[in-house]
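Dear colleague,

I am passing the structure below on to you, together with some notes on what came out of it. Please look through it first and then read on.

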Amino acid sequence: MRFNTPYVYSPEELKSYFFGVYKSAEAKSPSTEPGLERLRRLEAVRIKKSARGLADALREMAVSMPFVNDLHPFYRELLELGVGIAKYKHALGKIGNAAVAIKSISGEALMALRTAYSKEQIYRIRKAYIARVVDLIEDLAPELETAKSAAAFLRRLPDVDPDLFTVVVAGAPNVGKSSLVGCLSTAKPKVAEYPFTTRQIHVGHIFVRGDRIQVIDTPGLLDRPFDEMNKIELQAVLALRYLAKVVVFLVDPTHYGGFDLSIQINIFNSIKNNFNIPIIIVINKIDLANDDDIKKAEELFGEIRIRISAKTCSGVEELKARILEDYYVPYMLQKLRQIRAAER
Ligand SMILES: Nc1nc2c(ncn2[C@@H]2O[C@H](COP(=O)(O)OP(=O)(O)OP(=O)(O)O)[C@@H](O)[C@H]2O)c(=O)[nH]1
Ligand SMILES: [Mg+2]
């Protein structure tokens with residue numbers, strides 16, 4: 001899902017927009033009208049137009065941002081991680097309320113204007129109106145800042161469709177997850193010889209006759225409890241919790257990746273014990289691993305039937321076939337059965 005977020009103005013931009021509308025407003029009055037009436041009429045038009053313009057801009061910002069309750073839990077939790085839901089709601093609420101407050105400020109000014117009996121009094125009303133509006137805009141600075149960073153954050157989020165059948169590739173850092181996702185799907189994520197290369201979720205697709213399977217590359221997981229994970233690791237956890245229909249757990253049996261098999265098995269056990277999702281264990285870097293490495297990994301992880309090299313993509317076709325035959329097709333058949341049963 002791609003988020004359309006509005007342009008979020010800074011306090012300075014809002015002020016200059018407000019003054020621009022205020023100054024450009026004109027009022028037609030008959031040439032016979034006395035000066036005081038002419039001034040009153042002009043001032044009333046300026047107040048009305050500037051207040052309406054500002055209120056519309058504020059309301060538009062507040063209502064064009066995604067509503068938290070409409071978000072899929074995956075995106076809701078990402079927003080919680082990246083911005084904080086309470087902070088987000090508070091900011092949009094305050095911006096929306098400011099739109100209402102502008103109307104009452106202008107209403108009061110217009111009321112006072114009606115009974116003003118001198119030019120000086122009209123100038124005082126104008127000054128007080130402008131000062132209150134400027135205060136209100138300046139008071140919104142932290143909330144506008146939050147809304148601006150939330151909009152940027154939402155625009156950067158991966159384009160995930162939570163309804164598609166999804167394969168999540170997970171494992172320790174540097175085991176070859178991004179390389180595998182590159183072999184398996186349309187995505188071409190960044191691959192590098194150092195750990196923590198992938199810092200956010202990346203999405204690719206496998207096209208199967210008229211349908212798509214979503215493949216998700218995740219940041220590497222470390223062997224530690226969920227409550228000690230950083231925001232980057234937690235994105236992998238969210239993909240597992242909300243999107244995965246099957247997990248490809250990638251194991252690096254060599255010493256080159258930098259994460260020992262004892263660490264990798266703990267990460268595997270943590271996924272197995274905390275998520276109720278089928279896991280395919282895949283052993284990677286077989287072009288580099290020696291027989292001893294592979295034997296050790298097999299003993300530790302139990303029956304490993306798929307060995308690949310994500311560097312050359314060898315063995316990946318077999319993995320793809322397993323995903324399709326063992327998980328995707330049964331899942332789709334089950335879904336079809338449910339639809340038929342519901343129609344009966
Ligand atoms: N020889 C060999 N190298 C591999 C293989 N798979 C990945 N690599 C190398 O291992 C390094 C890490 O690969 P990535 O695909 O970036 O690993 P990752 O798991 O996505 O790493 P993070 O995103 O940092 O967690 C790169 O230098 C890859 O070229 C493989 O099958 N054989
Ligand atoms: Mg990676």
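Which cysteine does a disulfide join to C183? Before the reply, please keep in mind that this is a predicted model, and that the values below are computed from its atoms.

The partner is C313, and the computed distance from S to S in this disulfide is 2.1 Å. The structure holds one disulfide, and because the torsion about the S-S bond of C183 and C313 is about -85 degrees, that disulfide is left-handed.

The other part of these notes concerns ligand 1, which sits in the largest pocket. The volume of the largest pocket comes to about 530 Å³, and 25 residues line it, with G176, S179, V191, A192 and K285 lying nearest its centre. Sorted by class, the lining of the largest pocket is made up of nine nonpolar, 10 polar and six charged residues.

Around ligand 1 itself there are 23 residues, of which K177, S179, F196, T197 and T198 come nearest; S179 is thus named both here and among the residues nearest the centre of the largest pocket. The shell around ligand 1 divides into nine nonpolar, nine polar and five charged residues.

Three side chains deserve a look when you open the model, since each can be followed to an oxygen atom of the ligand. For S179, an N or O atom of the side chain is 2.6 Å from an oxygen atom of ligand 1, while for K177 a polar side-chain atom lies 2.7 Å from an oxygen atom of ligand 1. In the case of T198, the distance between an N or O atom in the side chain and an oxygen atom of ligand 1 is 2.7 Å. Taken on its own, ligand 1 has 650 Å² of accessible area, and the protein covers 92% of that area.

With best wishes

Conventions. Residues numbered from 1 in each chain as written. Chains lettered and ligands numbered in written order. Predicted model: local features only at pLDDT ≥ 70, side-chain atom pairs only at ≥ 80, totals over all residues. Heavy atoms only, no water. Near = heavy atom within 4 Å. Polar contact = N/O pair within 3.5 Å; in protein donor to acceptor, adjacent residues only side chain to side chain. Areas by Shrake-Rupley, 256 points an atom, 1.4 Å probe, with all protein chains shown as cover. 1 Å grid on protein atoms, 1.4 Å probe; cavity = no way out; pocket = protein on both sides within 12 Å on 5 of 7 lines; lining within 4 Å. Sits in = over half its atoms within 2 Å of the grid points. Nonpolar A, V, L, I, M, F, W, Y, C, P; charged D, E, K, R; others polar. Points joined across faces, edges and corners; volume = space filled by probe spheres on them. Disulfide = S-S within 2.5 Å.
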